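User: I would like a close look at one part of this model. Please start from a single strand and work outward from there.

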Amino acid sequence: MRTIRLHDSATGELTVLEPRDPGRIGIYACGPTVYDRIHVGNARPYVVFSLLKRLLTHEGYDVTLVINVTDVNDKIYEAARVRRMPSAQLAAEMTAAYVADTDELGLGRPDHEPLASRSIPGIVALIGALLERDAAYAVEGDVYFRVRSDPHYGELSGRDVDQMDQGEDVEGASLKEDPLDFALWKAAKPEEDTAWEAPWGHGRPGWHIECSAMAEELLGVGFDVHGGGIDLAFPHHENEAAQTRCGRGAELARLWMHNGMLQMGGEKMAKSLGNIARLPEVLATHDRDTLITFFVSGHYRQPLQFDDSTMADAAGRVRRIREAARRLVGGPSPAWSADLQERFFSALADDFNTPTALAVVAAWVSEANRSAGAVGRDGLADMLQVLGLETLLATGGDGPPEAVHELARARASARDQRDWATSDRLRDEIAAAGWSVRDGPDGPELVRRT
RNA sequence: GGCGACGUGGCGGAGUGGCUACGCAGCGGCCUGCAAAGCCGUGUACACCGGUUCGACUCCGGUCGUCGCCUCCA
């Protein structure tokens, strides 16, 4: 179990991960609002936190990963209205689509995937605690958080309350004591078709309260790592932190981790900008190994360029590792592997530096390719597993069909007769069938084209 | 305007006060009938201007530029 350091957004510094409970780590990451299929940008935190869990598990921690699903939200009501369907039905369908889409990433599921709609009692209880402590107030069925009642408000995202834009949101502005305040509970509106009973009225939760409630319910207050996209730092995470701090008298999380934005055309990938690539579409044209490799090729905190060229680069890395893997044998790796594995895991332990880790994998592959004798795959397997790329070691699936074998045999005899024209023509036919021939020292070999 | 991050070779993308990141692409060579795969070699890279230092791409200050947040947003 080595020392893990992570960048804490709250302090801006690398911080040693010291578990609340020895040997155990609780991680909560904000998941999607389900009003549409997710795009690749939405998949980044799913990948980052799933892989962080793998690293911590590898290091011997007992890790619980929670990624929520926001299934009650203004955007869902709006999208459901457009489609003329019940919002609960749209949310259910999109939740199922989200699960199916992220399943295709091949990283497994989080340990818990709570739904806001199923967490109402916890939400109501937390709002109740905030009201009791005067950190919130009810007005005409709405409940608002009193931002200025929290002296620490703004610390997570580094903002000074007095210098913040005090943008009025049109509806409800008049009900707030202070424009900075935000809704914990919204009274049911005629155009909204889901609502729950609460002591202060029929309605539904605001955006931020659900995460505080769900995280507390599943991980307890003061859990280890809270994560999500950097765009959530304010106001979402700031508000979450404030709610729990004021409602429970304790910090929600010990450390805050934020991933950088996926960019397309030099700008953040976002629906509002129209520069999105939906996850299912991306996975229809690129295999998941390429996508995962693409994600780990950049540091999680930095922006990452998504385009044909960067995906092609990732595909090249994948090819090279797979190619090397074909020549490996089962069992322990040679002595030189130990040093590389050490470098690999220290890179990950130092703020989860996956690009450096990937460079170590490349060095391992080069070393293996240089080696004359049989090379055991265990060391590489150990590293790739943590990057979610153990699939690169899978031995090749089905062999070529008989027709291709037939062509290969014909080509071999043409070559024996030094009939290069026929031989090359047959090689083209084999290629057309999806296979390539390599004439090695042990004779020709058929390899699936990638 | 406020807060924050960042500017690295053709592209992507790490990192460090003096020593090869890495990948993709390119170029030369080995191997091959030719290829493929692999191997070997190859690129005066660190936005600009000052400063600190024996020495800065790496620290400090400034300039310019880019991106993110400040409103829904992974």
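Which residues of S6 are buried, and on which side of the strand does each lie?

Analyst: This is a predicted model. S6 is covered on both faces. Asp142 and Tyr144 are buried on one side, Val143 and Phe145 on the other. The pattern follows a general rule. In a regular strand, side chains alternate between the two faces of the sheet.

Start with the partners of S6. Strand S5 (residues 136-139) pairs with S6 in the antiparallel sense, over four bridges. Within that pairing, Ala136 has Phe145 of S6 as its bridge partner. S5 and S6 make a hairpin, with two residues between the strands. Glu140 sits in the turn and has a positive phi of about 50°. S6 also runs antiparallel to S7, and three bridges join the two. Here Val143 is matched with Trp185 in S7. Phe145 and Val143, then, are buried on one side of S6, with bridge partners in S5 and S7 respectively.

Next, the helix that packs on this region. S6 (142-145) and S7 (182-187) are among the elements against which the buried residues of H6 pack. The others are helix H4 (120-132), helix H5 (209-219), strand S9 (223-229) and strand S10 (253-259). Helix H6 itself covers residues 233-248. Its buried residues are His237, Glu238, Asn239, Glu240, Ala241, Ala242, Gln243, Thr244, Arg245, Cys246 and Gly247. That list includes Glu238, Glu240 and Arg245.

Both ends of H6 deserve a look. Pro235 is placed in H6, and a cis peptide bond joins Phe234 to Pro235, with omega about 5°. After the helix comes Gly249, with a positive phi near 70°. As background, most residues other than glycine have a negative phi, and most peptide bonds are trans.

Follow S7 out of the sheet. The loop between S7 and strand S8 (203-205) holds Asp193. Asp193 has 15 other C-beta atoms within 10 Å, so it is partly exposed. Beyond its neighbours within four places in sequence, Asp193 is in contact with Pro86 and Ser87. Asp193 and Gly298 are 105 residues apart along the chain, and their C-alpha atoms are separated by 42 Å.

A further loop residue belongs here. Arg84 lies between helix H2 (74-82) and helix H3 (87-103). Arg84 is not a glycine, yet its phi is positive, about 50°. Arg84 counts as exposed because it has 6 C-beta neighbours inside 10 Å. Asp351 makes a useful companion. Its phi is also positive, near 55°, in a residue other than glycine. Asp351 is in the loop between helix H10 (336-349) and H11. Asp351 has 17 C-beta neighbours inside 10 Å, so it counts as partly exposed.

H11 leads to the RNA. Helix H11 (residues 354-370) gives the most to the surface near RNA strand B, with nine residues. Around RNA strand B there are 66 residues, of which Gly41, Gly229, His299, Gly316 and Asn369 come nearest. By class, that surface has 23 nonpolar, 28 polar and 15 charged residues.

Now the N-terminal hairpin. Strand S1 (residues 5-8) pairs with strand S2 (residues 13-16), antiparallel, over four bridges. His7 stands opposite Leu14 in S2. Four residues lie between the strands, and Gly12 takes a positive phi near 75°.

Step back to the whole chain. Chain A has 14 helices and 15 strands. It is divided into domain 1 (5-264), domain 2 (286-393) and domain 3 (402-448). The centres of domain 1 and domain 3, taken over C-alpha atoms, are 58 Å apart. The C-alpha trace spans about 90 × 50 × 35 Å along its principal axes. Of the 450 residues, 42% count as buried. Among contacts between residues at least 6 apart in sequence, 72% join residues at least 24 apart.

Last, confidence. Chain A has a mean pLDDT of 93, and 98% of its residues reach 70 or more. Confidence is highest in strand S4 (residues 62-67), at a mean of 98, and lowest in strand S15 (residues 443-448), at 88. Residues 168-172 stay under 50 in pLDDT, and the model has four contacts for them beyond four places in sequence. For the complex, the predictor gives an ipTM of 0.94 and a pTM of 0.95.

Note on methods:
Residues numbered from 1 in each chain as written. Chains lettered and ligands numbered in written order. Predicted model: local features only at pLDDT ≥ 70, side-chain atom pairs only at ≥ 80, totals over all residues. pLDDT = per-residue confidence, 0-100. Contact = placed C-beta atoms within 7 Å. Buried ≥ 20, exposed ≤ 12 C-beta atoms within 10 Å, placed from the backbone. Domains from an automatic or database assignment. Near = placed C-beta within 6 Å. Nonpolar A, V, L, I, M, F, W, Y, C, P; charged D, E, K, R; others polar. Pairing = 2+ DSSP bridges.
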